[in-house]
Every structure is written in structure tokens, then in C-alpha cells.
Amino acid sequence: MKKHVLNIGTDAATVTVAVVMLSLLCTCGGSGAITVTSNLHPLILIPGAGGNQLEAKLTQDYNPSSFVCNTWYPLFKKKNGWFRLWFDSTVLLSPFTKCFADRMSLHYNQELDDYFNTPGVLTRVPNFGSTSSLLYLNPRLKYVTEYMASLVNSLEELGYIEGETLFGAPYDFRYGLAAEGHPCEVGSQFLEDLKSLIEEASASNGGKEVILVSHSLGGLFALELLNRNDPSWSRKFIKHLVALSAPWGGAMDELLTFASGNTLGVPLVDPLIVRPEQRSSESNLWLLPNPKVYGHQKLLVTDHRSYSAHDMVDFLKDIGFSEGISPYKTRILPLIEKLKAPEEIPITCIIGSGVRTPEILFYKDGDFDEGPEISYGDGDGTVNMVSLLALQSLNQSIKVINIDGVSHVSILKDEVALEQIIGEISRINSHHSHTGFGNIFVGR
């Protein structure tokens, strides 16, 4: 079968929007640098899935899957036994990839109706409230694991100060949220912690409302925070949500993850080794294509049948992951079918486009152990355009800034993208936070 490719070119006619800087709230030196002197709203960064660092500790209940995975690995731990779980470069070495996958795996307990760590594996997210763990996935490998460092630097140039007006809300990205009426201990606790951080940031800044800046999955958590709290609370504490690359309706990329495993761009890793761990992730189930957004479009095709977003139960069964069916049907599907945009809080979506993004997967003979042929469409390389625009389709007052040629992750460091992000935050701080601007297309 030939590989079908839809080439997305750069539109030279797109409009480059000039950045509106703070004219009343800053002073400009001779070098052209901008120094904000007052009136910045506190800002909290909410990272995407892989942008959170995780640490682990093994207890006597840990049962290693092999001698290599025994409690002595890794050799270097903190004095109290904690060690880096994500991202750790030893995941690149095949004997240790299996150890990593075992320790990262979640387990759904049908009786308790919730997800839990592998027995004997304790996990924690370092430095909640700070941006320090969001700068790099691994501080010892800064050059290759930069995440939000460029964005944080740009915010600091605008006048934001770590711990005073600038905060971070990292979380355990393996866990997600569930529909109303279902326990979700880890995800719900994160929302409570985020709510408390918002209130504390506001209180320490004279009662100013807080700007939330999310990336990827972080946007879904931020949206659920707004939708699950009383509108009066949101109006009191939230100034604006700026969502970067948010997969409002899930992503086709998740079908590839569940079917064949996904190395996430990490070299040398066998996707079949990490596939069971990726299938166990509650948040990955949350990110499967939303039927409300993708409709009946064919997303995955084999010689025997095709699957749309309405066929995810059959899909999970046919790839051999029947244990995912019950939590998907009871916890995830009712959650994603209630996708809605809050009316009370202004939202700006900043997205990339014009990057080849998987649109249809073709599996010959239904062999999911082999990589598929891929038909590409528009999006940011990870999230399809229909998902990136899903929230605006529900609320036309939502502002969308569309940057041509910017990918899902490069939006955090690309020069043009950073200019747009900082420009939007400047506008919000200038009190011009109304979002009824429609779509803004930024060329390169």
C-alpha cells in the first residue's frame, strides 16, 4: 500500500500580527530591553504530559521483573532512596527500558475504580509551585531536553519573577481525570493543589487574578478546573487562560501509541517494549480521539475493517488491550463527551499548523506489532487541526492565534511563537483580555 501524504505548504499571504507591548507599565532602556515595573498579573505554567519530571522510590513490596531491574538499579540515588524516573537517559539502553516501563506502568483496579502505581513503586513530582522542574526534562542534559526554559526566560524578561509572580504546576502525567461520580485520587488531588496555588498566588499579589498558561495536556486539566468550580470562583481568581497546543479533542497520535507503541522521538527505544506501559496510562486513554470532535471519520484502517472515534471500544479489544475497555467506557467516554468551553473566563488558543500530522493509519493484515503506513493532514505534528480548534467550535468568542510551521513542542521555544505568546500575555496584563478577535494567522 502506498503512503498517502497531504503536503501542507506555507501560505505567504498570512498576516503577521505585530506584538502589542506594555506602553504604560514598562520602561525601555537604550538596549531595547523591556522592564516591567508594575501591575503584572501572577502567572502559572501548567506543562504537558512529557514535560513533567517524575521521581521514584522502591519499597520492599517491589517485585523486579528481572535481575537487571533489581532495587540496586539505578546505582545513583538520593540519600533517601529517591531517583529520577522521567526523564532518565538510561531508558535508551534496552536492558533498562523494560525496568523503566515496569516502574512507569499504572494498574486499573476495577473494584476500587481507580488507577494505582506498580506495587512497591512510590512516585512524586518535584518542586510543585516552582518552574524549576519545567525548564528541562533532565537538568543534566539541558541541550537535548529543554522544555520551558526559553518560555520562562522570555517571561522573566517581561518582568516576571520566580516565586513572586511566576509559578509552575507540574503533575504526574500518567494519571488523568474521570467523569463525575468516579474516584480519581491523583488527578483530583492535582486540581485541588492547582486551585490552592492559584488562590495563594492571587493573595500574595494583592488579590490580582491569575493568568494560566498551559501546554498540551495541561490545557485539558486547566479546562476541567474551570468547568468544575463555581463561576464566581473563576471570575475572582482567573484572569485568562492561554492554552498552547491543547488537544481539546484528543489526537490521532494516541491511536499509534496504543496500537504499536510510541518512542516519542527518543532514539534507540523499541516501541513494543514501552507499549504496555503507554497503554496503562490513564491520561493516554483520555487523549484518544473524541467522538464529539472527530465524528465518523476513518482514523485507522486494516484489511478487515476501519475504525472511527466511535469505535474505540472495538479498537481496544482488537489490539489486545481489553482491560482498557471498562475504564474507557465508564470513566473516559462520559468525560470527553461533555467537552465544553466556560463562558466566564477569556481563553486564547495559540496553536501551530502546516506541520504533517498523522490523519489515517493503515495496518496491513491488522498486524499492530508493525508500524503503519500513514496518511498525513494538517496540525502541529502531534495534534490534528480539528482537535486544536475544537474548543473554538463550541465557543466562537475564543481567540485563536495560528502560527504556520510551528510544531507541538517547538511552540515553546520558536522565536515567532514566543513573540506571539509574550505579546498575548502583555495584552492581557494591559487589561485588553477580551477574546472576540476570531482567528489570527501568523506567517513566517
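At what angle do helix H4 and helix H5 pack, and how far apart are their axes? Keep that in mind as you open the model, which is a predicted one.

**Stop 1: two helices**

Select residues 185-203 for helix H4 and residues 217-228 for helix H5. The two pack at an angle of about 75°, and 11 Å separates their axes. Angles from 65 to 115 degrees count as roughly perpendicular, so H4 is roughly perpendicular to H5.

Now show the side chains where they meet. From H4, pick Phe-190, Leu-191, Leu-194, Lys-195 and Ile-198; from H5, pick Phe-221, Glu-224, Leu-225 and Arg-228. Try colouring this contact by class: you should find six nonpolar residues, three charged ones and no polar ones.

**Stop 2: a ring pair**

Stay with Phe-190 and add Tyr-171 to your selection. Their rings form a tilted aromatic pair, with 4.8 Å from centre to centre and 45° between the planes. Tyr-171 sits in the loop between strand S9 (166-168) and H4, while Phe-190 belongs to helix H4, so the pair ties together parts 19 residues apart in sequence. If you enjoy hunting for rings, the structure holds 15 aromatic pairs.

**Stop 3: the largest cavity**

Next, look for enclosed space. There are two cavities of 30 Å³ or more, and the largest has a volume of about 120 Å³. Select Leu-220, Trp-248, Trp-286, Ile-336 and Leu-339, which are the closest to its centre among the 13 lining residues. H5, which you met at the first stop, gives the largest share of this lining, three residues. Both H5 and helix H12 (325-336) supply at least two residues each. By class, the lining of the largest cavity has nine nonpolar residues, three polar and one charged.

**Stop 4: the second largest cavity**

Which helix gives the largest share of the lining of the second largest cavity? Select helix H1 (94-104) and strand S5 (83-86), the elements that each give two or more residues to this lining. The largest share comes from H1, with four residues. The space here is about 70 Å³, and its lining includes Tyr-73, Phe-83, Leu-85, Phe-96 and Phe-100. Eight of the lining residues are nonpolar, one is polar and three are charged.

**Stop 5: an open pocket**

Finish with the second largest pocket, which holds about 490 Å³ of space. Select Pro-74, Phe-76, Arg-84, Asp-88 and Arg-140, the closest to its centre of the 19 residues that line it. Pro-74, Arg-84 and Asp-88 may look familiar: they also line the second largest cavity. Coloured by class, the pocket lining shows 10 nonpolar, three polar and six charged residues.

Key
Residues are numbered from 1 along each chain as its sequence is written. This is a predicted model: local features need pLDDT of at least 70, side-chain atom pairs count only at pLDDT 80 or more; totals for chains, interfaces and linings use all residues. Side-chain values use heavy atoms; hydrogens and water are left out. Axes are lines fitted to C-alpha atoms, for helices over the stretch in contact, and angles run from 0 to 180 degrees between N-to-C directions. Angles under 35 degrees count as roughly parallel, over 145 as roughly antiparallel, 65 to 115 as roughly perpendicular and the rest as oblique. Contact means heavy atoms within 4.5 Å. Ala, Val, Leu, Ile, Met, Phe, Trp, Tyr, Cys and Pro count as nonpolar, Asp, Glu, Lys and Arg as charged, and the others, Gly among them, as polar. On a 1 Å grid over the protein atoms alone, a cavity is a set of points where a 1.4 Å probe fits but cannot get out, and a pocket is an open set with protein on both sides within 12 Å along at least five of seven lines; lining residues have an atom within 4 Å of a point. Grid points are joined across faces, edges and corners, and a volume is the space filled by probe spheres set on the points. Rings of Phe, Tyr and Trp (its six-membered ring) pair if their centres lie within 6.5 Å; planes under 30 degrees apart count as stacked, over 60 as edge-to-face and the rest as tilted.
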